[in-house]
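This report describes selected features of one protein chain for a reader who is new to structural analysis. Please keep the sequence and the three-dimensional view at hand while reading.

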Amino acid sequence: MRKPNDQVRKLIVAVIITSLFLIFHQSTTSSSDKTTKDEYYYDTKPQAMQESFFSRSRSRIIKVPNSDASLSIPYLDKINKYWHIGGSTQVRNIDSVKLTSKNVPHTHGSIISNGIGDNTMNDFEVVFDFKLTYDDPTTIGDGVAFVITSENGFLLKDLTSSFAMRQYMINSGGILANDISMMGFPQNLPGLALVIDTFANDPTNKQDIPFLDIFLNFNPQRHSYHIESDGHKSSNRRLNDHHIPLKKNILQNDRIKLRIIYMESISFLKIDIQYETEGDYWIELYQNNNDPQGNKHFLLPKNDVTGQRFIGMSAVNGDLTENVELYNIKTSEFHWNNGDESMESTFDYYKECENFLLQEFNQRITMEKDSYTRWKMLKSQPNYKDQLKEKIIHDEQNKKPIELPQGINQHRIVSKKHKDPLWKKIIKLIVKWIIIFIFIVTFYLLSIYIRVSMKHWKKIRSKIRKKSSHDYILPI
């Protein structure tokens, strides 16, 4: 039979363990609240749907591979159907796609998705797997470019005539189809461009090679990349305020992976790199949510006719040369997990992206106080970039109240810069302890009651059996 002291001891141990758990949880949640003073988020869920402090719900957004915008072995089958190639690109079917070759100066190579299949991508991830090789590290050049663009017609074969070239320039908004000065792509190509420079053209440039620059071009007629200044004098929008230095591994025959994560629904851009010899982990190069220049609000251009975005890579050799080999391109899209793409135009999806980024990439994004207004503008305004800037300035100057969706209480907007004082946190923690303690004691007393009742019932049954057995015994 168990001693009463053993039961009391177990109860005390249970209370101590529960208290330690609550203390640890309180400290972690408090530390996670240490955000910048201007960060806000919307508390849009009904009370019954609020996340408990024990767990965080799994994101309802999933990553789905897009084979139409991906490239892998065997290359010829994929390229013949889904890709354009240009310049001196060599397709070695089970080896690599070679964009440029060492000891072959003044050449370029490029590859870009042709729009067949699914290229209408809004929230997506693209991973380029490539390698640079050379004979002498002092004679390597010029560089590599990766693009997410709204135009791919500059690689079409029917642009050989001057008339076709002029017609394309008119239809595309002025793209210089025969230009290759952005590392093999036209210097005024619209969209996102990541340029890895492996040769410093500007003698005043003190940045060691290799380095990365990130550009946005919304207007090919006005903006372009400037190769002679290593991008410094480019008129298109450069997201990084200085050249982003890269490890020398790129110049040491290392296999490199470059990852672009873009989510139009929340205007989020993240760029990472992975070096083969460093290990199987990603190093962040840029993220617009932490951009000190304030480049947090933009939409990558889409094709005006089809709404598509095209993925491309190119390389160029000048007087100095290098091998640039592409091994694969892996493209994935982010969608609502039940396959209902209509949900992806809702504010619920916009909010769910925050949870997805935290779980998929360990990336916390805090929604701003104008989240709903931003979402509405993302969905309704084609010139979002300029109009958003004007609206934010106007609203701040006139102190215009935030517009909320129907059903959201104005008083349930939580500002993280107004945190509870310490005494309130202590009271909340004590209340949690009391509730847990009451629950444990109630459960413990209930278990005692059940055990006693079972013993009492056994005694009654035993007496009944004995009595019944005596009734059937015959007298001698």
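The sections below treat strands, backbone geometry, salt bridges and surface charge in turn.

## The strands around β9

The structure is a predicted model, and the description begins with strand β9. This strand covers residues 191-197, and seven of its seven residues are buried. Strand β9 has a partner in strand β8, residues 143-149; the two run antiparallel and are joined by six bridges. Within this pairing, Ala 145 has Val 195 of β9 as its bridge partner.

Strand β9 also pairs with strand β10, residues 211-217, again in the antiparallel sense and over seven bridges. Here Leu 194 stands opposite Ile 214 of β10. As background, side chains in a regular strand alternate between the two faces of the sheet.

Another strand, β7, contains Phe 130. Is Phe 130 buried or exposed? Phe 130 counts as buried because its relative accessible area is 0%, and the cut-off for buried is under 20%. The C-alpha atom of Phe 130 is separated by 4.4 Å from that of Leu 326, although the two residues are 196 residues apart along the chain.

## Backbone geometry in the loops

Most residues other than glycine have a negative phi, and most peptide bonds are trans. Several places in this model depart from that pattern, and they are described here one by one.

The peptide bond that leads from Gly 141 to Asp 142 is cis, with omega near 0 degrees. Asp 142 belongs to the loop between β7 (123-133) and β8. A cis peptide bond is also found from Ile 209 to Pro 210, where omega is near -5 degrees. Pro 210 is part of the loop between β9 and β10.

Met 183 is not a glycine, yet its phi is positive, at about 55 degrees. This residue sits in the loop between α3 (162-172) and β9. With a relative accessible area of 0%, Met 183 is buried. Asp 230, likewise a residue other than glycine, has a positive phi near 60 degrees. The loop that holds Asp 230 lies between β10 and β11 (237-238). Asp 230 is buried, since its relative accessible area is 0%.

## Salt bridges

Side chains of opposite charge can pair when their charged atoms come close. How many salt bridges does the model contain? The count comes to eleven salt bridges. The table lists some of these pairs with the distance between their closest N and O atoms.

| Residue | Partner | Closest N and O atoms |
|---|---|---|
| Arg 92 | Asp 95 | 3.6 Å |
| Glu 264 | Lys 302 | 3.3 Å |
| Glu 264 | Arg 309 | 2.6 Å |

In the pair of Arg 92 and Asp 95, Arg 92 counts as partly exposed, at 27% relative accessibility. Asp 95 is partly exposed as well, with a relative accessible area of 38%.

Glu 264 appears in the table with two partners, Lys 302 and Arg 309. Which parts of the chain does the salt bridge between Glu 264 and Lys 302 tie together? Glu 264 lies in the loop between β13 (255-263) and β14 (268-275), and Lys 302 lies in the loop between β15 (283-287) and β16 (310-317), so the pair ties together parts that are 38 residues apart in sequence. Glu 264 is buried, with a relative accessible area of 11%, whereas Lys 302 is partly exposed at 29% relative accessibility.

The salt bridge from Glu 264 to Arg 309 also links distant parts of the chain, 45 residues apart, with Arg 309 in the loop between β15 and β16. Both Glu 264 and Arg 309 are buried.

Elsewhere, salt bridges form a network that links Arg 259, Lys 270, Asp 272 and Glu 284.

## A patch of positive charge

The final feature is on the surface. Which residues gather there in a patch of positive charge? The patch is formed by Arg 451, Lys 455, Lys 458, Lys 459, Lys 463 and Lys 466. Arg 451 is located in helix α7, which spans residues 422-471. Because its relative accessible area is 35%, Arg 451 counts as partly exposed. This value fits the rule that patches are made of residues with over 30% relative accessible area.

Terms used:
Residues are numbered from 1 along each chain as its sequence is written. This is a predicted model: local features need pLDDT of at least 70, side-chain atom pairs count only at pLDDT 80 or more; totals for chains, interfaces and linings use all residues. Side-chain values use heavy atoms; hydrogens and water are left out. Patches are made of residues with over 30% relative accessible area and no salt bridge: like charges are joined within 9 Å, nonpolar side chains (Val, Leu, Ile, Met, Phe, Trp, Tyr) within 5 Å. Accessible areas come from the Shrake-Rupley method with a 1.4 Å probe; for residues, only the protein chains shown count as cover. A salt bridge is a side-chain nitrogen of Lys or Arg within 4 Å of a carboxyl oxygen of Asp or Glu. Lys and Arg count as positive and Asp and Glu as negative; His and the chain ends are not counted. The place of a charge is taken as NZ of Lys, CZ of Arg, CG of Asp or CD of Glu. Helices (H or I, at least four residues) and strands (E, at least two) are DSSP runs, numbered from the N terminus. Buried means under 20% relative accessible area, exposed over 50%, partly exposed in between (1.4 Å probe, protein chains only). Two strands pair if DSSP finds at least two bridges between them.
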